[in-house]
Amino acid sequence: MILSELSEKVARISDIYAAEHGIDRSGDWAILKLQEELGELTAEHLRLSGRARGEPSEQALGDEAADVLGMLLIYCDRAGIDLEQAMRRNWLHWLDPKTAVPPA
């Protein structure tokens with residue numbers, strides 16, 4: 001599955017969830033949810049590394065990472081960011097020998 005397909009599916013799921021639970025997703029909702037999910041991922045990381053209380057869970061860590069990615073996709077969609085293009089421009093160009101900057 002490519003990123004744009006994943007983004008579409010995540011947006012549909014978010015729409016269904018918001019409708020079922022009466023969630024207002026206006027304004028800065030997406031960036032705030034992204035921050036919330038990053039906090040939950042951080043909490044799981046801390047539990048797994050023994051620096052927070054609670055039961056550590058590798059599955060929970062993966063689930064929280066998926067939540068972060070899902071919310072990032074939703075945020076980018078709402079902000080008009082073409083994430084695939086941004087990744088090519090900002091990261092993947094390093095794999096192209098014609099455009100990669102040699103180390104100093």
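Being four residues apart in helix H2, Glu37 and Lys33 are separated by about one helical turn. In this predicted model, the two side chains form a salt bridge in which the closest N and O atoms are 3.8 Å apart. That contact counts because a side-chain nitrogen of Lys needs to be within 4 Å of a carboxyl oxygen of Glu. Glu37 is buried, as its relative accessibility is 8%.

Lys33 has a further partner in Glu36, and here the closest N and O atoms come to 2.7 Å from each other. Glu36 also belongs to helix H2 and sits three residues from Lys33, again about one turn of the helix. Both members of this pair are partly exposed: Glu36 has a relative accessible area of 37%, while the value for Lys33 is 23%. Taken together, Lys33, Glu36 and Glu37 make up a network of salt bridges. The network thus brings together a buried residue, Glu37, and two partly exposed ones, Glu36 and Lys33.

Attention now turns to a contact that reaches beyond helix H2. Asp15 and Arg25 form a salt bridge, with 2.7 Å between the closest N and O atoms. This pair links distant parts of the chain, ten residues apart: Asp15 belongs to helix H1, which covers residues 3-21, whereas Arg25 is found in the loop between H1 and helix H2, residues 29-48. The surroundings of the two partners can be read from their accessibility. Asp15 is partly exposed because its relative accessibility is 41%, a value that lies between the 20% and 50% limits. Arg25, at 17%, counts as buried, because the limit for that class is under 20%.

Arg25 takes part in a second kind of contact as well. Its side chain lies over the face of Trp29, at 5.7 Å from the ring centre. Arg25 therefore satisfies the distance part of the rule, which asks for CZ of Arg within 6 Å of the ring centre. The loop residue is thus involved both in the salt bridge with Asp15 and in the contact with the ring of Trp29.

How many salt bridges does the structure hold by this rule? The count comes to four, among them the pairs Asp15 with Arg25, Glu36 with Lys33 and Glu37 with Lys33. As for contacts between rings, the structure has zero aromatic pairs.

How values were computed. Residues are numbered from 1 along each chain as its sequence is written. This is a predicted model: local features need pLDDT of at least 70, side-chain atom pairs count only at pLDDT 80 or more; totals for chains, interfaces and linings use all residues. Side-chain values use heavy atoms; hydrogens and water are left out. Rings of Phe, Tyr and Trp (its six-membered ring) pair if their centres lie within 6.5 Å; planes under 30 degrees apart count as stacked, over 60 as edge-to-face and the rest as tilted. A charge sits over a ring if NZ of Lys or CZ of Arg is within 6 Å of the ring centre and within 35 degrees of the ring normal. Helices (H or I, at least four residues) and strands (E, at least two) are DSSP runs, numbered from the N terminus. Buried means under 20% relative accessible area, exposed over 50%, partly exposed in between (1.4 Å probe, protein chains only).
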